[in-house]
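Student: Hi! I have a model open and a few things to ask about. Shall we go through them together?

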Amino acid sequence: RKVSLTGIKPTGEPHLGNYVGAILPALDLADSYESMYFIADYHALTTVRDPALMRHYTRSVAATWLAAGLDPDRTTFYRQSDIPEIFELSWVLSCMSAKGLMNRAHAYKAARDRNREAGREDLDAGVNMGLFNYPVLMAVDILIVEADVVPVGRDQLQHVEYAADIAGSFNSIYGDRYKLKIPKPVVPEEGTAHTLPGTDGRKMSKSYGNTIPLFAPEAALKKVIRRITTDSVPVEAPKEPESSSVFTLLERFGDPAVVAETRARLLAGGMGWGEVKAQLTEALNERFAPMRDRYETLMASGSELDDLLAHGADKARKQTRPVLERVRDAIGIS
Ligand code: TYM
């Protein structure tokens, strides 16, 4: 049994970065691995505090996976919060995780940097224990299903390495009784799937507010794309294609012939960014319109998503229960 596992946090509508960095690679791996894909709702609790939004985003992530092609008969598809074993193992492994390791986690360090830049005396201001423990919970998501590979975007690489590290700590103590499997990250190596830029040129991220939602209605999509920052080089003048995310995104989603021609025209001068934006809107529309229809139908459906996730949780617990049992036995609590 070779397992591929990944999760998405319901902190917003899924965006193009989630699609190229995780969803697409994960669906590819589902052909050759037993796949377990889930919605990391308890991870979202570090920031989402509105219960209606929590529910909306959770359904949105679920509908996105299905619209993108996840086959629930073949993939075990579930909500993290439906798997109580995760939270029990989370305590166990937090007792085997070095605090220093958590001190160096990117998200925690970034929060402290923001406080430092703002001149605050307390660098941990606004940091809750959920944010601090985040990497341990994520390690458990991975280790409790004995995942072999974890398809993620580059920004999650450190977390998968932490999971391997934490498994190593457990194994070094209890390895003669039970060994957790050491997972491997699968990260897009090159090109724009590596880290997709958002409307402001930085990494596309819900926390930067620069995302392009996967399934926005056409009018909303147009509006977001119009917002993409560009330089103010006049239409007639030559432009550097890579200087704006518009071209980078077109390169990722557009027809290669259109992309090549646009690159040449930008370099030569005489083409404005507005025209490139129109091409990008068209490319995204063409690519995602059929999926968007499926997404909207699922979002409008009654209990279909909930039933499916409940069924997925039953399946997932067939894997998580025995692993937790073995861990409990190994540590002398059974
Ligand atoms: P999240 O919800 O922030 O993002 C979901 C996935 O999308 C990838 N991604 C990107 N890839 C390329 N370019 C971008 N601009 C971009 N933005 C996001 C992310 O790398 C991620 O793979 N902690 C995780 C959720 C999680 C998880 C897990 C993942 C919880 N437990 C266990 C794997 C295994 C997160 O916040 O992802």
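Student: Which elements cover the buried residues of α12?
Tutor: Happy to help, and keep in mind that this is a predicted model. The cover over the buried residues of α12 includes α3 (51-68), α9, α10 and α11 (256-268).

Student: And which residues of α12 are buried?
Tutor: Among them are Trp273, Val276, Leu280, Leu284 and Phe288, and also Arg292 and Tyr295.

Student: Where is the kink in α12?
Tutor: The kink lies at Phe288, shortly before the proline Pro290, and is about 50°. Phe288 is also one of the buried residues of that helix.

Student: Switching topic: which residues come nearest to the ligand?
Tutor: Lys9, Gly17, Gly21, Val152 and Gly153, out of 26 residues around the ligand. Two or more residues of that shell come from each of β1 (3-8), α1 (16-29) and α7 (129-143).

Student: Which element gives the largest share?
Tutor: That would be α1, with 5 residues.

Student: How do the shell residues divide into nonpolar, polar and charged?
Tutor: There are 11 nonpolar, 11 polar and 4 charged residues around the ligand.

Student: One more: is Asp231 buried or exposed, and why?
Tutor: Asp231 is exposed, because just 10 other C-beta atoms lie within 10 Å, and the cut-off for exposed is 12 or fewer. Asp231 sits in the loop between α9 (218-226) and α10 (245-253).

Student: What does Asp231 contact beyond its sequence neighbours?
Tutor: Leaving aside residues within four places in sequence, Asp231 is in contact with Ser243 and Ser244.

How values were computed:
Residues numbered from 1 in each chain as written. Predicted model: local features only at pLDDT ≥ 70, side-chain atom pairs only at ≥ 80, totals over all residues. Helix = DSSP H or I, 4+ residues; strand = E, 2+ residues; numbered from the N terminus. Buried ≥ 20, exposed ≤ 12 C-beta atoms within 10 Å, placed from the backbone. Contact = placed C-beta atoms within 7 Å. Bend = angle between axes of the 7 residues up to and from the residue. Near = placed C-beta within 6 Å. Nonpolar A, V, L, I, M, F, W, Y, C, P; charged D, E, K, R; others polar.
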